[in-house]
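Hello,

Here is the structure I promised to pass on to you. Please open it beside this email, and I will walk you through what turned up.

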Amino acid sequence: MQNGKIGVTTENIFPIIKKFLYSDHEIFLRELVSNAVDATQKLKTLASTGDYAGELGDLTVHVTADAAARTLTISDAGIGMTAEEVDRYINQIAFSGAEEFMSKYKNQNIIGHFGLGFYSAFMVADRVEIVTQSYREEAPTVVWSCGGTPEFTMTERAEKRSRGTDIILYLSEESAEFADQSRIRGMLRKYCRFLPIPIACGKVQEWKDGKYVDTERDDIVNDTDPLWTHNPADVTDEQYREFYRKLYPGSDDPLFWIHLNIDYPFHLTGILYFPKIHNNFEIQKNRIQLYSNQVYVTDSVEGIVPEFLTLLHGVIDSPDIPLNVSRSYLQSDGNVRKISGYITRKVADKLQELFNTARADFEGKWDDLKIFIEYGIVTDEKFAEKAEGFMLLKNTAGSYFTLAEYRDKVKENQTDRNGTVIYIYTDDAVGKHSFVRGAEEKGYDVLLMDGQLDNHFVSWYENKEKGCRFVRVDSDVAERLIDKETNMSMSLSSEQQDIMRPVFESQLPTDQKIFYNIAFEAMAPTDAPVTITQDEYMRRMKEMAAMS
Ligand code: ADP
Ligand code: MG
């Protein structure tokens, strides 16, 4: 019927496809299956508007690997293509020459990640065949074939296919792995897990007469109706938890979740989960999955979502995030930045709402939640602004206060002669017990700051909130924590002190003696006669020295 050359001014793009797509071959499957899904969705649309009056029938997309023939076939029952459509959509490919292609996709990583549609099939196939039957029944079945050169053949097939399209990949020798059904099933579960049309890969197997045999039932690999596409008002807590378990098998239940459902000024849906992180457990970043219309794009969302959200789990789905361009472009894209800012605001609003409406519950989760909030505060100004309403401080008695509440609570009793409010804290309520008791006996309140990011938060807060300062409970004896000038009576004479000092000094780390003070005081914490303290200023000096 027709032989020809692809495109108008085409140079040979195939070597480039092979070379530049090298980094992530698997993406071809996502591209071909999402094309099959698109074709099926289009048919459903036509049926719903009455432009297609035929039977829809079973719309399952079938992906079939044949190891013996080294082929992989993706079949759909979608709209199909007429010869003219194949010419328009396949032959006249989107890019008109190698040069433009190169300049568009300079960074080879990116292509691997984001794919470029139908032609990515040539990453893995020596020859690709399309057998397609348009939903317009008068159109003949068309067979298109191309062997990885700019030449192709296109013929009519006498034997009519039922409505839809087969894409048949004759895999190259190096890509023989993709003729393995279980390999393909694994890839489908990753890239196509939430596509909206059922995707079958082989048959469900059954144990029979001492071996596994295929049943009649298709083995469907995807969930066509993922929870984030539902109306939040219709979803139960248990459904949210169940979906979480599906995404992160073996994880503890999340602390809570936020269902994003944004229509304006862009489309974005998704569910973000605050995971439960065990103490001293290394925080895993980048567990959020990014989708575009339910097609998996990436789980490396750094630079796309706000930094602190990379600690969260869940899914974000937006057709408005441009996916076929480079990561550096994404990060500088105004639209993406707007989306990022918007998600931040949504998350902050939700946290505020939870705090306002269910404070006891919020406090109950605070110890686990704190790390996320503090990370947001120190890395994201906008979030920090909003977080002032729900950032909590916890004291050694186990009570929680907002920043404003705490200031009010201690300002009477803990303001020094310069008018600075002194926040006394400990990073170790057990080990520093006698100091804590000493301070409490003086009527001071002691905060518990033992989280991984508390130091960062303290610096941030001191910097922002003028007129308040944090001192560690063991930075001085209780009497002088607030006001250094208080006179104290020593329980030992100066001669006795001179004798005792070397004894105690010998117990300090040798290279760090200058950072400690030894006091032989009558009024030391509780009834301890000798106190070794570490001046807050000297302690921070030491920390800085250790860091550099
Ligand atoms: P895109 O999907 O971004 O449009 P592709 O290169 O993936 O780009 O596909 C090009 C076009 O080929 C599609 O827009 C569609 O018109 C057509 N096409 C590809 N696969 C199919 C299919 N399975 N059924 C019907 N049309 C298809
Ligand atoms: Mg496509």
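**What was found**

Let me begin with a small sheet: it is open, its three strands follow the order E18-E17-E19, and the pairing is parallel. Strand E18 (446-448) and strand E19 (468-472) are the edge strands; each has a single partner strand, so one side of each is left without a neighbour in the sheet. On average, neighbouring strands here are turned by 40° against each other, direction ignored. Strand E17 (residues 421-426) runs parallel to E19, and five bridges join the two. If you would like a residue pair to click on, take Val421, whose bridge partner in E19 is Cys468.

Before going further, please keep in mind that this is a predicted model.

Now for the whole protein. Its secondary structure comes to 17 helices and 21 strands. Of its 548 residues, 34% count as buried. Looking at contacts between residues at least 6 apart in sequence, 69% join residues at least 24 apart.

There is a second open sheet to look at, this one with five strands. Their order is E10-E11-E14-E12-E13, and the pairing is mixed. Which strands stand at the edges? They are E10 and E13, and since each has a single partner strand, one side of each is left without a neighbour in the sheet. The average turn between neighbouring strands of this sheet is 20°, direction ignored.

Within that sheet, strand E10 (residues 256-262) and strand E11 (residues 268-274) pair in the antiparallel sense over seven bridges. These two strands form a hairpin, with five residues between them. Two places help to see how they line up: His259 has Ile271 in E11 as its bridge partner, and Leu260 stands opposite Gly270 in E11. As a general reminder, side chains in a regular strand alternate between the two faces of the sheet.

Next, have a look at helix H6 (residues 181-191). Its buried residues include Ile184, Met187, Leu188 and Tyr191. Why do these four sit on the same side of H6? Because they cover an arc of only 100° around the axis. Among the elements that cover the buried residues of H6 are H2, strand E2 (61-66), strand E3 (71-76), strand E8 (199-208) and strand E13 (295-298). You will recognise E13 from the five-strand sheet, where it is an edge strand.

Helix H2 comes up again at the ligand. Ligand 1 is surrounded by 14 residues, and the closest are Asn35, Ala39, Tyr89, Gly117 and Phe118. Helix H2 (27-49) and helix H3 (83-91) are the elements that give two or more residues to this shell. The largest share, four residues, comes from H2. Sorted by class, the shell has seven nonpolar, five polar and two charged residues.

One last residue, in case you want to try the burial count yourself. Met154 lies in strand E6 (residues 151-157). Is Met154 buried or partly exposed? A residue needs 20 or more other C-beta atoms within 10 Å to count as buried; Met154 has 19, so it is partly exposed. In sequence, Met154 and Ile316 are 162 residues apart, and in space they are 41 Å apart, C-alpha to C-alpha.

Happy browsing, and do write back with any questions.

Best wishes

Key: Residues are numbered from 1 along each chain as its sequence is written. Chains are lettered from A and ligands numbered from 1 in the order in which they are written. This is a predicted model: local features need pLDDT of at least 70, side-chain atom pairs count only at pLDDT 80 or more; totals for chains, interfaces and linings use all residues. A residue is near a molecule or strand if its C-beta atom, placed from the backbone, lies within 6 Å of it. Ala, Val, Leu, Ile, Met, Phe, Trp, Tyr, Cys and Pro count as nonpolar, Asp, Glu, Lys and Arg as charged, and the others, Gly among them, as polar. A residue is buried if 20 or more other C-beta atoms lie within 10 Å of its own, exposed if 12 or fewer, and partly exposed in between; C-beta atoms are placed from the backbone. Two residues are in contact if their C-beta atoms, placed from the backbone, lie within 7 Å. Two strands pair if DSSP finds at least two bridges between them. The arc is that of the directions from the helix axis to the C-beta atoms. Axes are lines fitted to C-alpha atoms, for helices over the stretch in contact, and angles run from 0 to 180 degrees between N-to-C directions.
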